[in-house]
Amino acid sequence: MDQGVIVELQQAVTEVNRDVGTQPFVRLQLRLAPVVESCRRLTGATETPKSLHSDLCILASDAFVLAGRLAFETHDDSASALLYQAATEAADTLNDSWHLAAVHASHAMVAHYATGIPSAARRIAQEAVRAAESGSSIRIRARALAVQAELSARTGRHREADIGLLRARKTIDRNTAGDPTDEFGSDRLDGFEGVCQLHTDRPGTASEHIERCIRGLQSPRSTIQLGINTADLAMARQRLGDPRAATELLHKSVDIVASTGGRVPAQRIRQARLELRQWRAESFVADLDDHIHDALLGK
């Protein structure tokens, strides 16, 4: 093992991560599998040069988190949990705790969507916030606070959610120049704020935040997130008394899921469709049902 090997493996992880949303998840898993196996062997080696330890652990953490996300998308939740555990172990040895916070933040959301139990995921989010507070990344600190806020809102802790969102906003509004990652910004925070507002029965404010988030989702890497936020905006529109506009947005979300896959946007579409039950006799809802069946269920 030398620095060149680590650089090559890290580049492979970056390339797979870049293609999420543009290729089938199974294909991405196949591409990432050799990297994951290499990381397992390298981190399990009895002798690792001290000069390479940090870079190797960063690589392993990144690879295991991405593999955990892909396993979740292919409904292999047990494998996903084990990969997140491996990512946590790798990141926990690093001096800068922002890597560990990033692992926990990702794991918290995956755990919630895999189990549907936000209270368990919220405990992981609390670990993310603790790690982020001592880490060097402002963006990851804001992300951890946003994840914790969403899970608080989902468990009825509305005041805690509001406080968490305020802290996240104040954090992300600070100067992020030189931040070690560019993964999270104010547009993504708007998406979290929109979800929290939906769960605290403020659809008008939710709509404003989600619209701002959607305007910032321009890259192919953000396509799956766009499907999620579009379905969230549909729920906001429906709660504002415009079910027809809600179905138009859900048509867009269905098209996104049909082309990219994505377990979370599919869950959001299902939730939004349930909220349209009182209009099930309307033709615009019947058209949506046909579209869902043909694009998602008919495959």
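In this predicted model, helices H8 and H9 cross in a left-handed sense. Helix H8 takes in residues 158-172, and its axis comes within 11 Å of that of H9, at a crossing angle of roughly 170°. That angle makes H8 roughly antiparallel to H9, since anything over 145 degrees is counted that way. On the H8 side, the contact is built from His 158, Leu 165, Ala 168, Arg 169 and Ile 172. H9 answers with Ser 186, Leu 189, Asp 190, Phe 192, Glu 193, Cys 196, Gln 197 and His 199. Sorted by class, the H8 and H9 contact comes out as six nonpolar, four polar and three charged residues.

H9 (residues 186-199) also packs against helix H7 (residues 138-154), with the two axes coming within 9 Å and crossing at roughly 15°. Here the outcome is a roughly parallel pair, H7 with H9, because the angle falls under 35 degrees. This crossing, too, is left-handed. From H7, the residues involved are Ala 146, Val 147, Ala 149, Glu 150, Ala 153 and Arg 154, and they meet Leu 189, Phe 192, Val 195, Cys 196 and His 199 of H9. The class count for H7 with H9 is eight nonpolar, one polar and two charged residues.

H7 has a further partner in helix H6 (residues 118-133), whose axis comes within 8 Å of the H7 axis and crosses it at roughly 155°. H6 and H7 are therefore roughly antiparallel to each other, and their crossing is left-handed. H6 brings Pro 118, Ala 121, Arg 122, Ala 125, Gln 126, Ala 128, Val 129, Ala 132 and Glu 133 to this contact. The H7 side consists of Ile 140, Arg 141, Ala 144, Leu 145, Val 147, Gln 148, Leu 151, Ser 152 and Arg 154. Between H6 and H7, 11 nonpolar, three polar and four charged residues take part.

Ser 152, a residue of H7, deserves a second look. With a relative accessible area of 2%, Ser 152 is buried, as the cut-off for that label is under 20%. Beyond its neighbours within four places in sequence, Ser 152 is in contact with Arg 122, Arg 157, Glu 160 and Ala 161.

Next come the nonpolar cores. In soluble globular proteins, nonpolar side chains tend to be buried together. The largest core in this model has 67 residues, and Leu 32, Val 147 and Leu 189 are the members that touch the most others. Helix H3 (residues 50-73) gives the most to this core, supplying 12 residues. With neighbours within four places in sequence set aside, Leu 32 is in contact with Val 13, Val 16, Ala 63, Leu 66, Ala 67 and Leu 70. Another core, this one of 22 residues, lies apart from that set, and its members include Leu 198, Ile 210, Ala 246 and Leu 276.

Leu 198 sits in H9 and counts as buried, at 7% relative accessibility. Its contacts outside the four nearest places in sequence are Ala 206, Ile 210, Asp 232, Met 235, Ala 236 and Arg 239. Leu 198 and Arg 130 are 68 residues apart in sequence, with 26 Å between their C-alpha atoms.

Two loop residues have unusual backbone angles. Most residues other than glycine have a negative phi. His 75, although not a glycine, has a positive phi of about 65°. His 75 belongs to the loop between H3 and helix H4 (77-91), and its relative accessible area of 57% makes it exposed. Asp 201 also has a positive phi without being a glycine, at about 60°. Asp 201 is found in the loop between H9 and helix H10 (203-215) and counts as exposed, at 62% relative accessibility.

Finally, His 251 is placed in helix H12 (residues 243-260). His 251 is partly exposed, with a relative accessible area of 22%. Leaving out neighbours within four places in sequence, His 251 is in contact with Asp 287, Leu 288 and His 291. The C-alpha atoms of His 251 and Ser 186 are separated by 27 Å, and the two residues are 65 apart along the chain.

Note on methods. Residues are numbered from 1 along each chain as its sequence is written. This is a predicted model: local features need pLDDT of at least 70, side-chain atom pairs count only at pLDDT 80 or more; totals for chains, interfaces and linings use all residues. Side-chain values use heavy atoms; hydrogens and water are left out. Axes are lines fitted to C-alpha atoms, for helices over the stretch in contact, and angles run from 0 to 180 degrees between N-to-C directions. Helices (H or I, at least four residues) and strands (E, at least two) are DSSP runs, numbered from the N terminus. Angles under 35 degrees count as roughly parallel, over 145 as roughly antiparallel, 65 to 115 as roughly perpendicular and the rest as oblique. A crossing is left-handed if the near helix is turned anticlockwise from the far one by less than a right angle, and right-handed if clockwise. Contact means heavy atoms within 4.5 Å. Ala, Val, Leu, Ile, Met, Phe, Trp, Tyr, Cys and Pro count as nonpolar, Asp, Glu, Lys and Arg as charged, and the others, Gly among them, as polar. A nonpolar core is a set of buried Ala, Val, Leu, Ile, Met, Phe, Trp, Tyr and Cys residues joined through side-chain atoms within 4.5 Å. Buried means under 20% relative accessible area, exposed over 50%, partly exposed in between (1.4 Å probe, protein chains only).
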